[in-house]
Amino acid sequence: MLTSGRIVIRGLLFGLGWLFAAMVWAQDADIFMLIGHGEVASSAQGPWRPASQGQKLPPGSFVRTLEGSQMALLLHDQTQIRLNQSSVLEIKGVQEGANGTLLSLLQGRVWAQVKQLSVGGLRVLTGVVRPLQVRINTPTATIGIRGTDWEMVVDDQGTTTVTVLSGQVEMANDFGQVAVGSNEQAVAERGKAPVKSLLSNARDRVQWVTSYRPAPKRWVPKPPAALAPAAQAIEAGDYPRGLAALDNAPASAQRALLLADMYLFLGRAADAASLLQPYSRNGEGEALASALQSRALVIGGRLDEAQQLLAVALGRHPREAEVLLALGDLARLQGDADGALRWFTQVTLEYPANHAAWFGLGRVEVEKENVKPARRALDEAIRLAPDAQGYHGERATLLALAGNPAEARAAFDDALKRQPDDYLALTGLGILQLKSGETNAALDSFLKAGVIEPRFARSQLYVGVTYYQLGNRPRAIESIRKASELDPKDPLPYVMLGLIHGDGQELAEAVDVAIEAQARMPYLKSLNQLLNNQKGSANVGAALAARGMEEWARSFATDSYNPYWGGSALFLADRYPDGFNKNSELYKGYLLDPGAFGASNRFSSLVATPGHYGSIGLRAETGDFNQSSLLGSANGLSMSGMP
């Protein structure tokens with residue numbers, strides 16, 4: 001009887017476990033960002049209920065955003081969706097495989113990325129048609145998505161416009177069908193076949209997908225009576241009321257600053273730059289107008305114009321904090337870490353209460369992984385502005401990069417409790433999860449960060465690392481290459497691509513990216529997170545050595561030698577014959593990076609993650625005498641407590 005009772009209890013527990021898993025799997029989407037107000041319903045007729053951040057959505061759910069609002073969703077097939085204001089979307093069903101995910105956009109504007117996890121055999125082969133991953137119905141067309149980055153608009157007349165940033169989309173209705181590729185746009189009107197056109201730069205259309213938030217107190221600290229209602233409404237997050245108040249306010253430099261700040265939030269960077277143009281050259285508020293206009297130019301990808309504008313502003317206002325901060329941010333984006341540190345430091349010396357300068361200083365030091373100065377700067381920024389966007393998330397990221405998982409975990413919990421849509425915190429949490437072996441959880445964190453701020457290179461880089469660890473090599477290469485475009489002077493993406501191509505024995509491609517990495521080494525921020533093995537295979541010379549070009553490999557390794565990175569010493573040790581030089585480099589490499597003992601010598605995980613590896617070798621010889629040997633080795637890495 002006792003045995004039968006145990007069997008019954010185990011059966012009940014097993015059934016409850018499956019029921020719980022089914023309930024979790026039945027949630028098709030997660031609302032993880034909500035700006036303003038959104039609503040959910042089980043049908044298009046309602047009743048509509050207020051949506052909340054963190055809400056799970058079952059199949060068949062409808063979501064909509066109200067005026068001046070945005071919403072971000074992560075579907076359980078890894079599709080990322082961002083809804084603009086006044087949009088209505090139905091989530092009919094989310095799944096991978098032959099059926100794919102089915103959505104319906106009734107009205108509004110949506111941006112999405114399709115990055116489903118599975119690759120599925122023949123889908124990766126050149127020339128083989130892959131099944132549609134996502135299908136979207138609109139009033140005038142059916143759109144099939146094969147990935148990966150696109151925007152769709154359905155206007156009040158039902159006209160559907162699809163803009164493809166990368167990948168391929170098929171638009172069809174009863175009158176015809178078109179295939180839409182990267183930098184192309186297609187339009188479907190009622191009663192007409194879809195037509196497509198070529199765009200010079202499709203990414204200009206999705207500047208509204210950003211982490212930028214209006215900051216009226218920064219640009220107009222003391223608004224006049226005519227602008228006070230607008231500033232208060234924007235500060236409270238009531239953007240429609242703030243815009244309406246600005247529309248009715250008289251023209252002035254302060255009105256232009258507030259309105260341009262709102263335009264940047266709405267994705268109208270060109271309009272913001274044009275609005276500020278009359279004020280940035282001469283007149284009232286010239287310095288602030290120049291600083292904000294330069295940010296609009298940067299968002300629009302016009303970095304050279306921003307540099308010229310700030311050079312003029314600096315000559316006229318050499319001590320204006322916002323001009324110096326804009327120069328620091330621009331230098332950081334251009335890969336000039338020393339220049340960024342110089343500008344931010346100047347502001348901290350002249351205006352020690354300026355929290356944005358301390359944060360800029362800390363952010364550059366985090367990228368360089370200079371832990372102590374980064375911590376000092378970020379602590380000061382948080383002391384001066386404890387509620388500022390991203391400050392706690394960047395400090396938690398510093399702890400994760402420095403190998404302090406327990407303290408970092410607590411810091412991320414605090415940062416995301418304060419700001420659940422902090423893309424810096426989500427990216428840093430993903431890095432911590434990746435380093436702790438929580439690969440699928442890390443992917444969710446990176447994908448959420450990518451919807452909030454798709455132009456953040458760190459997030460794109462590590463989502464590529466995650467895909468590689470999960471076995472999705474094409475997606476990994478795609479994401480890492482996108483990171484290299486977002487931060488074009490950073491050599492780290494190219495070093496990682498070299499490791500991926502080396503693992504696949506694609507030696508010609510590995511050499512090509514090694515050359516690209518070597519050319520960018522003067523702009524190196526840090527290689528600390530890159531995983532080494534005992535041969536230093538992460539070194540840029542490894543691809544050349546694999547092709548037998550030893551002299552060239554040693555030249556690359558010597559030119560890029562970093563006395564504080566284990567990969568430099570370990571790779572050169574493998575080049576030297578036995579003796580003092582070899583042992584000296586080996587000892588240096590092991591002292592700098594003892595984690596190299598825990599790496600696989602076959603496939604790189606790109607960053608240090610928990611794992612267990614082993615190899616067995618059998619050798620037998622027959623001749624004048626017989627001999628045989630059996631060799632085995634085992635190694636691994638644990639991340640519990642500390643690496």
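**Close-ups of cavities and rings**

The largest cavity has a volume of about 60 Å³. Everything shown here comes from a predicted model.

**View 1. A look into the largest cavity and its lining.** If you're hunting for enclosed empty space, there are four cavities of 30 Å³ or more in this structure. Around the largest one you'll find Ala400, Gly403, Asn404 and Pro405, along with Leu432, Lys435 and Ser436, plus Met639 and Pro643. Sorted by class, that lining comes out as five nonpolar, three polar and one charged residues.

**View 2. Tyr239 and Phe265, a tilted ring pair.** Aromatic pairs turn up six times in the structure, and now we zoom in on a single example. Here the ring centres of Tyr239 and Phe265 are 4.8 Å apart, and the planes meet at 50°. That angle falls between the 30 and 60 degree cut-offs, so the pair counts as tilted. Along the chain, the partners are 26 residues apart: Tyr239 belongs to helix 4 (residues 239-248), while Phe265 belongs to helix 5 (residues 253-265). The pair therefore links distant parts of the chain.

**View 3. How buried are Tyr239 and Phe265?** Tyr239 has 9% relative accessibility, so it counts as buried. Phe265 is buried too, with a relative accessible area of 3%.

**View 4. Arginines sitting over rings: Arg342 and Arg575.** Look for the charged end of Arg342, which sits over the ring of Trp343 at 5.5 Å from the ring centre. Elsewhere in the sequence, Arg575 has its charged end over the ring of Phe571, 4.3 Å from the centre of that ring.

Technical notes
Residues are numbered from 1 along each chain as its sequence is written. This is a predicted model: local features need pLDDT of at least 70, side-chain atom pairs count only at pLDDT 80 or more; totals for chains, interfaces and linings use all residues. Side-chain values use heavy atoms; hydrogens and water are left out. Rings of Phe, Tyr and Trp (its six-membered ring) pair if their centres lie within 6.5 Å; planes under 30 degrees apart count as stacked, over 60 as edge-to-face and the rest as tilted. Helices (H or I, at least four residues) and strands (E, at least two) are DSSP runs, numbered from the N terminus. Buried means under 20% relative accessible area, exposed over 50%, partly exposed in between (1.4 Å probe, protein chains only). A charge sits over a ring if NZ of Lys or CZ of Arg is within 6 Å of the ring centre and within 35 degrees of the ring normal. On a 1 Å grid over the protein atoms alone, a cavity is a set of points where a 1.4 Å probe fits but cannot get out, and a pocket is an open set with protein on both sides within 12 Å along at least five of seven lines; lining residues have an atom within 4 Å of a point. Grid points are joined across faces, edges and corners, and a volume is the space filled by probe spheres set on the points. Ala, Val, Leu, Ile, Met, Phe, Trp, Tyr, Cys and Pro count as nonpolar, Asp, Glu, Lys and Arg as charged, and the others, Gly among them, as polar.
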